[in-house]
Every structure is written in structure tokens, then in C-alpha cells.
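Trainee: May I ask how the features of a structure such as this one should be read?
Mentor: Certainly; let us look at it together.

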Amino acid sequence: MAEPEELIIDAARHATAFVSRLWDHDNNASDSSCTLSVCRQRLEFFLTAVHGHEVPVRVAQPPPPPSALSRLFGRIPQHLIETCPLPANDGARVFLPMQVDLGEKNGLSTLRLFRLLALQQAQRAQRRQIQTLPADTLALDLFHLSEAVVVDHVLALHFAGLRHDLIALRRAMLQARPQLTPLNEPERVVEELYCRILKACPDVIPPPLALALKPEDSLDWAVEMGKKITIQTETTSMRYRGCVKDLWLGKMLPIPTDSQPDRYHESVRDLPEPLAKPPRSAKLPRRPEVRERKQDEDDEAQGMWMVQKDDPQQHVEDPAGLQRPADRDDDADAGDLADSLSELPEAQLISSSKAVRELLLADDPLDQRTTQVHRGKGGTHGIAYPEWDFRVSRYHKESAIVRLQPPLLGDVAWAESVLAQRPALLNQVQRRLEGLRPKRVRHHRQPDGDDLDINAYVNAFAERQAGLPPQDRLYQFTRAVRRDIAVALLIDISGSTDGWISQELRIIDVEKEALLLVYLALTKLDDPFCIYAFSGESAQNVSLWPLKNFEENDRTLVQRRIAALEPQLYTRAGAAIRHITSLLAAINSRYRLLILLSDGKPNDVDHYEGRYGVEDMRQAVAEARLQAIHPFCITVDRHAPHYLARVFGARHYAVLRQAETLPVVLADVLRRLIRR
Amino acid sequence: MEDLLTELRNSENSHQSLHPPGGEEPYYLPLGDEVSIFTQCHLRNLAVMLKGPTGCGKTRFVEHMAWRLKRPLVIVSCHDDLTAADLVGRFLIRDNATVWQDGPLTRAVRTGAICYLDEVVEARQDAVVVIHPLTDYRRVLPIDKTGELIEAAPGFQLVISYNPGYQHVTKDLKPSTRQRFVALDFDFPPPEREVEIILHESSAERGMAHDLVALACRIRGLADRGLAEVPSTRLLVATARLIANGIAPRLACHVALVSPLSDDPALVAAMRDLVDATLVD
């Protein structure tokens with residue numbers, strides 16, 4: 001039973017979290033019409049065009065709140081405490097605040113401000129070749145100032161259209177500079193220089209600054225100037241503590257190292273167990289920086305234990321007090337955890353294969369994947385396909401592995417019984433596709449053609465003799481109505497197809513029937529087609545079962561494979577679509593069609609769900625389109641219009657109100673698409 | 001019918017009027033050895049294939065070479081439905097009788113002209129195969145319907161062109177066709193040359209031409225980010241002409257350079273940002 005103190009502490013914690021969230025909510029409810037998330041892609045395109053290579057734009061994280069101790073005993077003066085995120089760069093990436101606003105009176109709209117800040121930071125990032133920066137704060141700030149001035153100078157020279165924006169930004173920043181009163185002597189010198197820069201035109205470099213062609217020149221100047229300022233102000237024996245950074249100056253982040261998260265190895269009994277409940281999720285207001293692990297941080301050998309000798313032992317289940325309250329509590333609010341985590345300035349990154357309890361979503365997600373996935377479930381070799389991560393607008397470092405599984409063989413009698421039970425349905429499907437057989441057609445009475453149309457000419461001659469108006473359609477040509485089409489059917493057999501749609505039929509049963517009937521009808525058309533089923537679990541095991549290759553022609557075999565289909569695991573649709581796209585791309589047909597039969601949104605055990613899954617699927621469909629493949633989706637998910645219109649485009653998907661009609665609808669869709 | 005017949009007569013007459021281009025030299029700024037190579041190919045009866053992006057000057061180069069070599073030029077823009085009959089010719093009806101009408105290729109073969117098949121991969125396969133006997137040592141054009149075997153007149157040269165980046169995935173030249181040509185690769189000229197070309201073609205100011213070329217170079221960096229076609233020299237010339245005639249530079253770039261390239265809102269917005277950052281009105 002919980003102690004009264006624990007109850008009070010718990011209640012106080014919840015109350016504080018609630019109030020602080022309420023406060024944040026009211027304060028952050030400013031105009032969100034033009035945030036970074038709205039214009040990020042536009043800015044990335046813009047920077048790509050300017051620099052000739054990709055410059056990712058990320059969300060700048062707000063500074064960690066200073067702890068009470070650092071406020072009390074720290075030597076950081078009030079005016080130097082950062083309160084809002086600042087633009088920054090780490091040599092490769094540009095970080096911008098989620099929202100920026102200078103107010104209307106400065107004549108710089110939010111979008112133009114974003115554009116300017118992105119360009120400034122990208123240009124500064126391009127100049128960052130120096131790995132070691134001066135350790136001295138004064139020299140570092142001076143170096144930073146010199147680089148900022150040079151970059152503005154370059155921008156003013158090469159982007160004449162930005163000159164006014166640069167001036168407006170400098171003016172706005174000048175108004176917000178701190179008073180000189182709380183500053184000490186060296187800080188005052190730097191502040192005066194800062195203000196002199198902001199007052200000057202961007203194409204002018206105010207003395208004592210000089211045009212530094214290379215960053216090394218800036219560094220030399222900064223070290224030299226730093227020494228001068230120190231000597232000038234030596235009498236006051238005051239230490240330089242820093243200058244106030246604003247949107248114009250921004251920050252210089254350390255160049256990232258390409259380190260992978262430390263793997264946390266579990267013993268066999270710790271291997272992932274299915275969670276009874278889905279993971280709780282909350283928004284992370286600020287993501288801590290990733291910290292490198294120190295050499296002697298995690299000692300293997302255990303040190304001394306401190307044993308509480310008081311009687312009686314109050315916490316029997318955790319004598320050393322090593323667990324956080326939230327670890328024990330399965331119902332702990334994920335929002336509290338997010339708040340606690342966001343207060344840490346930095347944290348170590350660990351990957352684990354344990355089941356996820358809480359998902360804390362930050363504006364700026366990590367590059368690395370933190371979920372370890374156990375290999376070896378799929379016995380066959382895999383084919384790797386990239387996966388799109390919409391949060392960072394690029395492909396994920398780790399790809400999804402498609403494994404081709406040997407299809408199982410089902411009962412021969414199943415196909416016979418279906419055909420015997422549903423002759424009318426087979427008839428309907430066949431009639432719909434029958435009219436599509438290729439044939440050579442002679443086009444008569446054409447205005448132009450390879451041969452003369454003698455009948456047309458005789459008629460025209462007779463009409464002319466009779467005084468009727470002349471005819472000019474006197475030719476004919478013959479064309480084979482060869483459609484030159486290849487079709488791929490991709491069937492989702494994830495666990496959700498186990499759902500019952502009537503007394504005796506599950507979704508998978510309807511899918512199987514539809515496949516069988518359409519398969520029989522398609523074989524009569526002589527167009528190359530293939531049928532694949534897909535499912536899987538995790539990015540490492542996307543399973544594809546080839547039910548019919550483009551070349552295969554054994555009717556009984558294909559029927560038995562269809563008969564053996566049973567609901568499997570999850571739906572990682574992106575990788576499956578990419579594999580089928582690669583198969584279709586190798587087929588030399590003029591019109592290539594990819595039809596996906598699905599029963600819901602893509603999802604998988606890991607983060608592949610919700611918007612992530614939909615965006616990856618959208619990217620896979622876009623890739624297919626680029627290779628001149630026409631994707632189409634048929635689904636029984638009634639919510640599909642919300643997301644399928646974005647994935648496949650309007651009129652490129654069909655939602656079945658009654659799943660039983662799938663065979664006929666599939667035949668109709670094929671007929672419509674093939675005819676087109 | 002009368003109209004049709006008049007039209008036929010006119011078109012028939014036009015083949016006799018195939019004559020070498022006279023007048024002013026079509027402006028072309030050579031970027032490498034293409035002029036000398038083309039001249040040698042012409043002298044040695046070799047067919048030429050021009051590869052390059054849209055609007056980089058392939059057609060202008062052929063016009064220039066025809067003028068330089070003093071040969072008539074026949075240009076055929078190939079399309080999906082272009083058949084062999086469209087190239088070789090067909091029977092037409094006139095005065096209650098059938099008359100053979102030469103197609104553009106046959107006309108060029110008879111008169112010894114340069115025949116330029118633009119975007120040849122777009123044409124149907126049967127149309128492309130017709131040119132095979134013309135491009136090897138035989139230099140003949142067999143016409144099935146009349147039973148004629150026309151030997152190419154001296155000076156006849158076949159030139160084809162296509163855009164490797166733009167074509168349909170399923171459309172490509174057959175290897176047996178490719179091997180019959182000397183291939184000249186074209187690309188957008190280097191910035192200084194492109195400025196010269198814009199100055200000559202549009203009478204814009206030099207500073208503006210420089211800005212336009214810088215802008216185009218930056219937009220070309222978006223080629224692999226979803227921009228199907230990058231701004232060509234032709235597009236720059238069109239923009240420069242608008243600006244030279246008094247349209248505000250930013251507006252001219254928006255309408256003549258940015259909008260024609262893409263419909264993707266994010267791409268168009270980024271390109272407009274670039275225009276606004278680079279140019280001042």
C-alpha cells in the first residue's frame with residue numbers, strides 16, 4: 001500500500017504537471033499559420049538549389065531550462081540565459097526555430113525571415129571547415145561574429161533581392177539588444193562591436209572587422225582581437241561571460257559524429273514479450289541532445305552498496321531504490337515523463353529490443369533507429385529497399401528487408417469447390433474481362449492512312465457525281481489493338497484480414513475467391529501478370545509470397561498456392577510496393593499496372609504506423625509512378641478516403657462498401673484500367 | 001475535294017522547291033568540336049545522332065550546319081503515331097487516279113538534303129526501321145508500295161535527335177539502330193557562353209543575362225529533387241526577351257522560367273524564393 005507521503009508527492013507532481021501544461025498551452029497558442037513544419041520542404045528545395053546539394057532543415061530545440069541550483073549558484077547572469085530556440089547549424093544541417101516572428105512593423109514576413117535565416121545558416125555551415133574552435137569564449141564569440149558578417153556580405157553581393165531583408169533583420173535585432181549597464185568592461189566592448197555591425201549595411205564590413213576570405217582568417221582575427229580586448233580591459237580584472245545571441249547571430253553547434261546508439265543487450269529471458277497494452281505516447285516539448293558515452297561511465301564491476309539500516313524496511317520490492325516511480329507504474333502519465341525528459345540538457349542514447357512502453361514524440365526526431373530487431377526469423381536472404389522517413393524528409397539509414405518466402409500449397413479441392421459454388425460470379429468476372437482480348441482492327445474512312453479505302457473512294461466519287469459535298473476520308477490503316485500491358489496484383493494478408501465480414505466469410509476468404517476468379521479470367525487475356533501476397537513483422541522481415549510469377553503458367557499450382565493463403569502478421573506496405581515496382585520495371589510493356597488489395601492502413605510492430613506508414617507508402621507509390629507504373633488500390637477500409645487520396649491520388653483507389661463484391665469490382669477496375 | 005487537291009498540288013510543288021538555306025547564318029555558338037565532327041560525318045556519309053536535354057540547341061545546330069554545308073534541310077518532328085508511310089510517302093487520289101506522294105524522308109533522299117528526325121524515340125518502331133538501309137554502306141531507301149529502290153543523292157545525310165533524360169521508360173532506340181550513328185552529346189553551355197547566347201538572342205543587358213544564368217544554374221540543382229525538366233537555354237532566352245521588352249525581371253522569371261517548369265507547389269515556391277532572392281526589380 002502506498003505511504004501517505006508518496007500519495008502527497010504524487011498528487012503534487014500531477015498538479016504541477018497539469019498546471020505547467022495548461023500554462024504552456026495558453027502561451028504557445030500564437031499564430032501557427034506559418035511554422036517551420038509548413039515551409040520546411042520549400043526551404044530545403046531553396047537551399048538545395050542555392051548550394052547544389054541537399055541541406056536538411058531541422059527544428060531547433062529550445063534551450064534546457066536552467067536548474068534551480070545553477071540559478072542559485074551558477075555564474076550565468078540573467079541576461080545570458082537563453083529563453084527561446086535560436087537558428088543554428090552543425091556544418092551539414094540547418095536548425096531553425098519552429099516559429100519566428102519579428103512583428104509586422106519590421107516589414108519582414110515570417111516566410112521571408114525563415115528564408116533569410118535558412119540561407120544565412122546554410123552559408124555559414126558551408127564555410128565551417130575548421131574542426132577545432134577556440135576554447136576561449138571571447139575569441140569564439142568574435143570568430144562567430146566575424147563569420148556572420150562575412151556571410152551577410154556574401155549574401156548581399158550574390159542575392160541582391162535579399163539586401164532589404166538583411167537590413168530589416170539587423171534593425172529589428174538592434175532594438176532588442178541588452179542595456180550596457182549590467183555588462184562588464186570586455187562584454188561592453190563586444191556589445192558595442194555587435195551593435196556597430198547591426199547598424200551597418202550588410203555589404204559593408206565595419207572596422208575593426210576585415211573581410212575574411214577563409215574561416216582561418218576569421219579565426220586569426222578573432223584570436224588577435226580577443227587578446228587586444230583582454231589587454232585593454234586588464235585593469236578591471238573582469239571575466240568575459242558571453243554576449244546575448246539573437247536570431248541574427250544564432251548558434252554554432254558542434255559537428256556531429258556518426259555514432260550509433262549503444263546496444264543494450266538483454267539476456268534471453270528478457271527478449272521482447274508482447275505487450276498487453278499499446279504503448280502510451282506523449283509529445284516531447286524538447287529533445288535532449290545526444291551525449292557520447294564516456295569511457296568509464298558504466299562500470300561492469302559493482303561498487304559498494306549503501307544499505308539502509310532503519311527498521312522496518314519500507315521498500316521491500318526495490319531495496320536499493322534503483323527504479324524510478326514511473327518504471328513501476330504502468331499507468332504513469334506519459335506526458336509527465338516527457339516533461340521530465342525534456343528538462344535534461346543531454347542524454348545517452350541506447351538501443352534495445354525490449355517492447356516499447358512509452359513513445360515520446362519530438363519535433364526533431366533522432367536519425368538512428370533505437371529499436372533492435374532480432375534477425376534470423378526469415379530464413380531466406382533478403383532484398384533491401386529504402387524506407388522513407390517523413391519526419392526528416394529523407395530515406396532512413398536502415399532499410400527494410402524483403403524476404404521471398406516459398407508459397408505453401410493448399411488443397412486442390414478448394415478451387416474446384418469455389419468454382420462449383422459460384423459459377424455465376426465466375427461468369428460475371430469472365431464477361432467483364434472478355435472484351436479485352438487483343439485483335440487487329442482495320443480503321444476505315446480515315447483522313448490519313450497507309451492504304452486507300454477503295455469503298456470510301458467509290459462512295460465519295462458517286463456522291464461527287466451526284467452533286468453532294470466532297471468527302472475527304474478516303475484512307476484506311478490497320479493497327480493491332482495490342483494493349484502491351486503488364487499487371488501485378490499485390491495482396492495484403494496481414495492479421496487484420498482474419499476479420500469476419502459475414503457469417504461464413506472472412507476478408508481473406510473473399511480475397512482468395514477474388515484472386516482465383518480474376519486469375520482464371522486474366523490467363524485468357526495473354527497479358528503478362530503476376531500475383532504476390534505480402535505481410536511480415538518488422539523492417540527486417542517483410543515477407544512476400546509469389547503466387548504467380550510473370551512466367552509461370554501452371555494453373556493447378558497457382559490455384560493451390562491461392563488456397564493456402566492464411567492471415568499473417570503486419571502490413572509494411574512500402575517495401576512490398578517497392579519490390580513489385582522493381583519486378584514491373586523489368587517488364588518491357590508500354591502500360592504497367594500495380595493493383596494493391598488492402599484492408600487498412602499500413603502498420604508494423606515498430607514505428608511503422610500512423611503517418612509514418614502512410615508517408616512511406618506514398619513515397620513508394622510516387623517512386624512507382626516515376627518508373628511509369630500505374631498504381632491502384634482497392635480497399636475495404638471505410639476510413640481509406642482520408643489517407644488513400646494522398647497516397648494514390650484521387651480516382652486511383654476504390655473503397656468497397658461490401659467486401660463480397662471484391663471479385664466483380666476487381667474485374668471492373670482491371671477492365672477500366674486496361675482499356676485506358 | 002477541290003481544297004484537298006489544291007493542297008496536294010501545293011505540297012507536291014513544295015518538294016521541288018527544296019533548296020539550300022540562304023540568307024543570314026543561323027546563330028550558333030560552338031562549344032566543342034561538334035562543327036568539325038559534323039562536317040567530317042557529312043563528307044564521309046555518316047549518320048549523326050544528337051543527344052541532349054530540351055532546349056540546349058540541337059535543332060539550331062542542325063540549321064546552322066545545313067547553312068554552313070549549303071544543303072537543304074528537312075525537319076520531321078516525330079510523335080507516337082508517326083508511321084513508316086508518314087516518312088516514306090503514300091498513294092493519294094487525284095483526278096480519279098492514284099498518285100504517289102513522297103514523304104519527307106523520300107524527298108530528302110532524292111534531293112540530297114539533310115533529313116533531321118527530331119525526338120526519334122517517340123516514333124513507332126516500324127518507322128525507325130525504315131531508316132536502317134539509309135544509314136549503312138547501301139544508302140538506299142526501298143519503297144514497297146511502288147517497288148522503287150531510291151539511291152540517296154550525294155549530300156544526303158540523316159540526323160536524329162533525342163533527349164535521354166526525358167524519354168519514356170519503355171521507349172528507347174534499338175541497339176541495332178543506335179550502332180548506325182555517330183553520337184554527339186549536347187548539354188547546357190558553360191555560364192559565360194550561355195550569357196553570350198542570351199545577349200545575342202535577346203538584346204538584354206549583360207548584368208541581367210548574368211543574373212539569369214546564375215539563377216538557372218541554381219534551379220538546375222533541383223533536377224534530382226523532383227524537377228522533371230531543368231530550365232533550358234531556350235527558356236532563358238525567352239525570359240530575357242520579356243525583360244528586354246519592359247516586363248519586370250521578377251515577374252518575367254515567374255511567368256517564363258518558374259511556372260512552365262513544374263506544378264508542384266513546394267518546388268514552384270522554392271524557385272520563386274530563388275528568383276526573389278537573386279533579382280531586384
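**Reading the fold and the contact**

Mentor: Among contacts in chain A between residues at least 6 apart in sequence, 75% join residues at least 24 apart. Two residues are in contact if their C-beta atoms, placed from the backbone, lie within 7 Å. This is a predicted model, in which local features need pLDDT of at least 70, side-chain atom pairs count only at pLDDT 80 or more, and totals for chains, interfaces and linings use all residues. Residues are numbered from 1 along each chain as its sequence is written, while chains are lettered from A and ligands numbered from 1 in the order in which they are written.

Trainee: How many helices and strands does chain A have?
Mentor: Helices (H or I, at least four residues) and strands (E, at least two) are DSSP runs, numbered from the N terminus. Chain A has 19 helices and 23 strands.

Trainee: Is A:L505 buried or exposed?
Mentor: A residue is buried if 20 or more other C-beta atoms lie within 10 Å of its own, exposed if 12 or fewer, and partly exposed in between. A:L505 is partly exposed because it has 14 C-beta neighbours inside 10 Å. A:L505 sits in the loop between β18 (485-492) and α14 (507-523) of chain A.

Trainee: How many residues does each chain bring to the contact?
Mentor: Chain B brings 28 residues and chain A brings 26. On the side of chain B that touches chain A, α12(B) gives the largest share, nine residues.
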